[in-house]
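Colleague: I should like to request a close look at a single part of this protein chain. Please describe one residue and its surroundings, and then place the account within the wider chain.

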Amino acid sequence: MKWLQNSCRQLLGLTLFLVLGHIIGYGQSYNSVHRKAILVDTHNDCLSGQVLEGRDISRLLSIGHSDYVRWKRGGVDIQFFSVFTGETPRKKEGFYQDALQEIDSLHRIILRHPDKFDFATGYKQARKKVHRNKIVAMIGVEGGHMIESDLSKLDSLIAKGMSYLTLTWNNSHDWATSAMDESGAGKSLSAKGLTDFGKQVMKRMNEAGVIVDLSHVGEKTFYDALEVTTKPVLLTHSSVWSLCPVFRNAKDQQIQALAKNGGVICINFYPAFISKTFVEAKKYWEGHGKDSILAALQQLPEYRDEAGLLSKQVNSLVQQELSKSLPGIKEVVDHIDYVVKLVGVDHVGIGADYDGMGFVPKGLEDVSTYPQLTAALKRQGYSNQSLKKILGGNVLRVLKANRF
Ligand SMILES: [Zn+2]
């Protein structure tokens, strides 16, 4: 009888083991991994648009891509807020004042909602402040023109908590040239790359632990910067040229050089950076396609252009046509996969560019949708450890190497 009791006990043990194994396995489904991972997004443009227009991102909004409620639904832990001003400053006082205005607006949000947002600069601070209920806000300044070629203004932005500086936006400036201009899609240049002053800027950034962001910069500037930097760098919101050859994306050789530096490319979700099909559709519908819609509407007597109604109608039809060619989650996964196959899983992250995109991929409509990306990556066969790296671990490593 004793052998029977022992067998029963063993059987019970085995069943318990299997049931527990199943529960643990289930717990490790994409949602569980997603919530356990520290999700870092390295680029969001809601400050320069929505916040300056007076939108309150601390509550659920029906417009735009980002707000506190949707960040939390999306499982976002650390959000880099882009401080941005274009080629022409908003204020007559200039680019630097524009940057200060946006930084102040972020600090005001945090002061008003200390239960929802917290501010961090270095790795240790960010890591410590990651909290179930809060979004850790960090600052990325998008465009070297905002320091107005003045090292004291660079120092002042560092003192105000800048965690990364994108050496250029689309506009080249005194000390660095952009991808748009270097590729011939923008202004013609007399010289390309980083100047000696640009190298001084980078030296100061490295010393202060400010991450060098090479999204938007031209190839010459990219390689010049990699030669100078003593720390790992980021491409905070760029995708893969080989899959979608547009000037804002990184070529294989650049991604390999970035990996050698220990850096990370954070994939941009913008449909025109991730899908060749969408790029072609956009080119057509914003050119000949638009003209043909306009010509057809003008034939109809009821369509008289009163107060710009006709052009509004045309634009809305163009948008409708374009939305038929939108890429989805699969294309974002393809870009991540491509980088992983090229240089390994330690050099890719997420820099979606929400609130900076005129179109969004299907299934990734706003910041609440990140769990769907994790689900798709999991289906693709990524291990939990790899997912944690992609979702934020790799960027945290770069942050740590720059400023502990
Ligand atoms: Zn950008």
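Modeller: The model shown here is predicted, and I shall take G262 as the part to examine. G262 sits in the loop between α11 (252–261) and β8 (264–267). Is this residue buried, partly exposed or exposed? G262 has 15 other C-beta atoms within 10 Å, and therefore it is partly exposed; a residue would need 20 or more such atoms to be called buried, and 12 or fewer to be called exposed.

Which residues does G262 touch, apart from its neighbours within four places in sequence? Outside that range, G262 is in contact with P232 and A401. A further pair involves N402: G262 and N402 are separated by 140 residues in sequence, yet their C-alpha atoms are 11 Å apart in space.

Two other loop residues may be set beside G262. H216 is located in the loop between β6 (211–213) and α10 (219–228). H216 is buried because 26 other C-beta atoms lie within 10 Å. Although H216 is not a glycine, its phi is positive, at about 75°. D353 belongs to the loop between β9 (348–350) and α17 (370–379). D353 also counts as buried, because it has 26 C-beta neighbours inside 10 Å. Its phi is near 80°, a positive value in a residue other than glycine.

As for the wider chain, the protein is divided into domain 1 (26–275 + 328–402) and domain 2 (286–325). The C-alpha centres of domain 1 and domain 2 are 35 Å apart.

Technical notes:
Residues numbered from 1 in each chain as written. Predicted model: local features only at pLDDT ≥ 70, side-chain atom pairs only at ≥ 80, totals over all residues. Helix = DSSP H or I, 4+ residues; strand = E, 2+ residues; numbered from the N terminus. Domains from an automatic or database assignment. Contact = placed C-beta atoms within 7 Å.
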